[in-house]
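Colleague: Before I rely on the descriptive words in your notes, I would like to hear the reasoning behind each of them.

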Amino acid sequence: MKIENNKWNILKAVGIYLVIAAHCDGVIIGLFPLFSFLMPLFFFMSGYFFRDMDFLQFLRKKVMRLLLPLYVWHWVYLAFAMFLGNYGFNLTDGKLSFVKLFVVPLVGYGGMVFCEAGWFLGTLFVAFLLYFAINRVFTDDKVKTVVCILLPCVGLYMAFHGYCNYLFH
C-alpha cells in the first residue's frame with residue numbers, strides 16, 4: 001500500500017499555485033521573480049524520490065511518465081497546426097524534419113508556441129538520465145554533489161557562449 005505524505009502534497013499544491021501566479025507576472029512582495037525558484041523546486045521534488053533500479057526498468061518508467069506524454073502532445077499539436085496552416089493560420093513553419101519531430105520536444109523550442117509549455121518534461125528526462133549515470137559512476141555522495149553542481153555550471157557556460165545554437169539553424 002502506498003503511503004501519501006501530505007507535506008509533499010501541500011508543497012506541490014503551493015508550487016502549482018505559484019507557477020500560475022508567476023505566469024501572471026507575479027512576484028513575492030516585490031522581492032524576486034517567482035520563476036527564480038519554481039522549476040528548481042519541482043526538479044528537487046522529483047529527484048528527492050529517486051530510487052536506484054535496473055537501467056531498463058528506470059528507462060521504461062521515465063519514458064512512460066515523461067516522454068510519452070510530451071511526444072503525444074507535441075505530435076498532436078504539430079498535426080493540428082499543420083492542418084490549420086492550410087487555412088491561413090501560422091502556428092508552425094509547416095515543414096517536417098527529424099529535428100522538429102524528435103529533438104524539438106526534448107529541448108522545448110522550435111517556434112511552436114503551444115508546445116513550448118512542455119519544455120520541462122524533456123529537461124527532467126535528461127536530468128534523470130544524467131543523475132542515473134552519476135549515481136552509477138560515483139559512489140561517494142560528496143563527489144556526486146560536486147558533479148551535480150558543476151554540470152549545470154557547464155551547461156550555463158555553454159548556453160551563454162552559443163554552443164547550443166546549432167540545433168535550430
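What follows takes several of those words in turn and sets each against its cut-offs.

Modeller: This is a predicted model, in which local features need pLDDT of at least 70 and side-chain atom pairs count only at pLDDT 80 or more, while totals for chains, interfaces and linings use all residues. Residues are numbered from 1 along each chain as its sequence is written, and side-chain values use heavy atoms, with hydrogens and water left out.

Colleague: Why is Pro69 called partly exposed?

Modeller: Its relative accessible area is 38%, and because buried means under 20% and exposed over 50%, with partly exposed in between (1.4 Å probe, protein chains only), the middle word applies.

Colleague: What makes H2 oblique to H5?

Modeller: The axes of helix H2 (residues 38-48) and helix H5 (residues 119-137) come within 11 Å and cross at roughly 45°. Angles under 35 degrees count as roughly parallel, over 145 as roughly antiparallel, 65 to 115 as roughly perpendicular and the rest as oblique, so H2 is oblique to H5.

Colleague: How do you know that the aromatic pair of Phe58 and Phe132 is stacked?

Modeller: The rings of Phe58 and Phe132 lie 4.5 Å centre to centre, with 25° between the planes. Rings of Phe, Tyr and Trp (its six-membered ring) pair if their centres lie within 6.5 Å, and planes under 30 degrees apart count as stacked, over 60 as edge-to-face and the rest as tilted, so both tests are met.

Colleague: And are these two residues, Phe58 and Phe132, buried or exposed?

Modeller: Phe58 is buried at a relative accessible area of 1%, and Phe132 is buried at 5%.

Technical notes. Axes are lines fitted to C-alpha atoms, for helices over the stretch in contact, and angles run from 0 to 180 degrees between N-to-C directions. Helices (H or I, at least four residues) and strands (E, at least two) are DSSP runs, numbered from the N terminus.
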